[in-house]
Amino acid sequence: MLLIVCRMWNALRIASPQMKAPPSQLRRVVAANVRRLRTTLEISQERLASDSGLHRTYVGAIERAERNVSLDNVERLALALGVEPWRLLRECE
């Protein structure tokens, strides 16, 4: 944790390591593809999570581009969605 004190204004600001950088373009592409494919198949996040062996809240965080998903989990999601893993990484036209 970083502690910054400004004597001039007697202000205190705490910068936490949990403050995250904005998601990368690729993370947003994966998020959009997972959500689009899931809704096309008309399955819930809970069902996708169960089929892929992941937690429901993790799938939701992936769809919101909040999580930096590993290649192993890209593969798990792709198998559950019935597509090749590269399809989750490719930007739709």
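Student: Asp-51 makes a salt bridge; which side chain does it meet there?
Tutor: A salt bridge means a side-chain nitrogen of Lys or Arg within 4 Å of a carboxyl oxygen of Asp or Glu. Here the N to O distance is 3.0 Å. The two residues are four apart in helix α2, so about one helical turn separates them. The partner of Asp-51 is Arg-47.

Student: Quick check before we go on: what kind of model is this?
Tutor: Residues are numbered from 1 along each chain as its sequence is written, and side-chain values use heavy atoms, with hydrogens and water left out. Local features need pLDDT of at least 70, side-chain atom pairs count only at pLDDT 80 or more, and totals for chains, interfaces and linings use all residues; the model is predicted.

Student: In what order do the elements of the chain run from the N terminus?
Tutor: Helices (H or I, at least four residues) and strands (E, at least two) are DSSP runs, numbered from the N terminus. The chain has five helices and two strands. Put in order, that reads β-β-α-α-α-α-α.

Student: How much of the chain is buried?
Tutor: Buried means under 20% relative accessible area, exposed means over 50%, and partly exposed is in between, with a 1.4 Å probe and protein chains only. The chain has 93 residues. Of these, the buried share is 29%.

Student: Which residues of α2 are buried?
Tutor: α2 covers residues 45-52, and on its other side Glu-46 and Ser-50 are exposed. The cover over its buried residues includes α1, α3 and α4. The buried ones are Leu-48, Ala-49 and Ser-52.

Student: How wide is the arc they fall within, seen down the axis of α2?
Tutor: The arc is taken over the directions from the helix axis to the C-beta atoms. The buried residues line one face of the helix, because they all fall within an arc of 100 degrees.

Student: And which residue with a positive phi follows α2?
Tutor: The phi in question is near 75 degrees. α1 has a similar follow-up, since Glu-42 comes after that helix with a positive phi near 55 degrees. After α2, the residue is Gly-53.

Student: How far apart are the end C-alpha atoms of α1?
Tutor: The expected span is 1.5 Å times one less than the number of residues. With 16 residues, α1 should span 22 Å. The model agrees with that, as the end C-alpha atoms are apart by 22 Å.

Student: What do the buried residues of α1 pack against?
Tutor: α1 runs over residues 25-40, and its buried residues include Val-30, Val-34, Leu-37 and Arg-38. They pack against α2, α3, α4 and α5.

Student: Arg-38 is one of them, so which residue does it form a salt bridge with?
Tutor: Arg-38 is buried, at 11% relative accessibility. Its closest N and O atoms in the bridge are 2.6 Å apart. The pair links helix α1 to helix α3, 25 residues along the chain. The partner is Glu-63.

Student: Which residue joins Arg-38 and Glu-63 in a network of salt bridges?
Tutor: Glu-63 is itself buried, with a relative accessible area of 5%. Its other partner here sits at 3.1 Å, closest N to O. That partner is partly exposed, at 36% relative accessible area. The residue completing the network is Arg-35.

Student: How far is the C-alpha atom of Leu-81 from that of Arg-38?
Tutor: Leu-81 belongs to helix α4 (residues 71-81) and is buried, with a relative accessible area of 6%. Beyond its neighbours within four places in sequence, Leu-81 is in contact (heavy atoms within 4.5 Å) with residues including Val-34, Arg-38 and Leu-88. Leu-81 and Arg-38 are 43 residues apart along the chain, yet their C-alpha atoms are separated by 6.8 Å.

Student: Last one: which residues form the nonpolar patch on the surface?
Tutor: Patches take residues with over 30% relative accessible area and no salt bridge, joining like charges within 9 Å and nonpolar side chains (Val, Leu, Ile, Met, Phe, Trp, Tyr) within 5 Å. Areas come from the Shrake-Rupley method with a 1.4 Å probe, and for residues only the protein chains shown count as cover. Together the patch has about 300 Å² of accessible area, and one member, in α1, is partly exposed at 47%. The members are Leu-26, Leu-71 and Leu-89.
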